[in-house]
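Reader: Please show me the model. I have some questions about its helices and salt bridges.

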Amino acid sequence: MIEEVYKIILMTIMPTVEARVAVAYVILFLENKSPLIPLLLSIPTIIVGIVVYRLLDLLEQQIVNGFLSKIGFIRKIYFKYLAYIRDKSRRYVEKYGQIGLILFIAVPMPGSGAWTGALVAKIFNIDFIRTTMSIVIGVTLSSYISYITTMLGVSLAESII
């Protein structure tokens, strides 16, 4: 049982996977359908998103001026990824501001979520308080969207079988 807990926590803190996949995992494989599951699994994802936001300054400093700047391919990958994320998130954040960031984090699709949302917030210079609120709301919404869609899928499968 403790191994399952570690596996679930690991899922919640992994980029692109995060709480939304952990919610579906708990429902489908552990057969726990409690409506509190999305809320509980959102907590580690939220914490990681906030930590990532804080660490991005340090990371960028190392890539631009520090020891990582001497490793060309890391610098190249980082700036290419930044450009990709900027283009992907621009329509949400430039048009809708903080609400757009919340929606970007909340959409339960690969490439969105708390990790990428923290990077988007840095790219668009959104302050820490607004970013934190966006991560909390977005991750919680994403978890409940995953919960509802998984529960609908389970109900549909049960009605067919």
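Author: Start with Asp 87, which is exposed at 53% relative accessibility. Exposed means over 50% relative accessible area, buried under 20%, partly exposed in between (1.4 Å probe, protein chains only). This is a predicted model: local features need pLDDT of at least 70, side-chain atom pairs count only at pLDDT 80 or more, and totals for chains, interfaces and linings use all residues. Residues are numbered from 1 along each chain as its sequence is written, and side-chain values use heavy atoms, with hydrogens and water left out.

Reader: Which residue meets Asp 87 in a salt bridge?

Author: A salt bridge needs a side-chain nitrogen of Lys or Arg within 4 Å of a carboxyl oxygen of Asp or Glu. Here the N to O distance is 3.4 Å. Both residues lie in helix α4 (residues 72-96), three residues apart; helices are DSSP runs of H or I, at least four residues, numbered from the N terminus. The partner is Arg 90.

Reader: Which residues are joined into one network by salt bridges that share partners?

Author: Arg 90 also meets Glu 94 in a salt bridge, at 3.2 Å, N to O. Those two are four residues apart in α4, about one helical turn. Glu 94 is exposed at 51% relative accessibility. The network joins Asp 87, Arg 90 and Glu 94.

Reader: Which residue forms a salt bridge with Lys 7?

Author: Lys 7 is partly exposed, with a relative accessible area of 38%. Its partner sits three residues away in helix α1, about one helical turn. The closest N and O atoms are 3.5 Å apart, and the partner is Glu 4.
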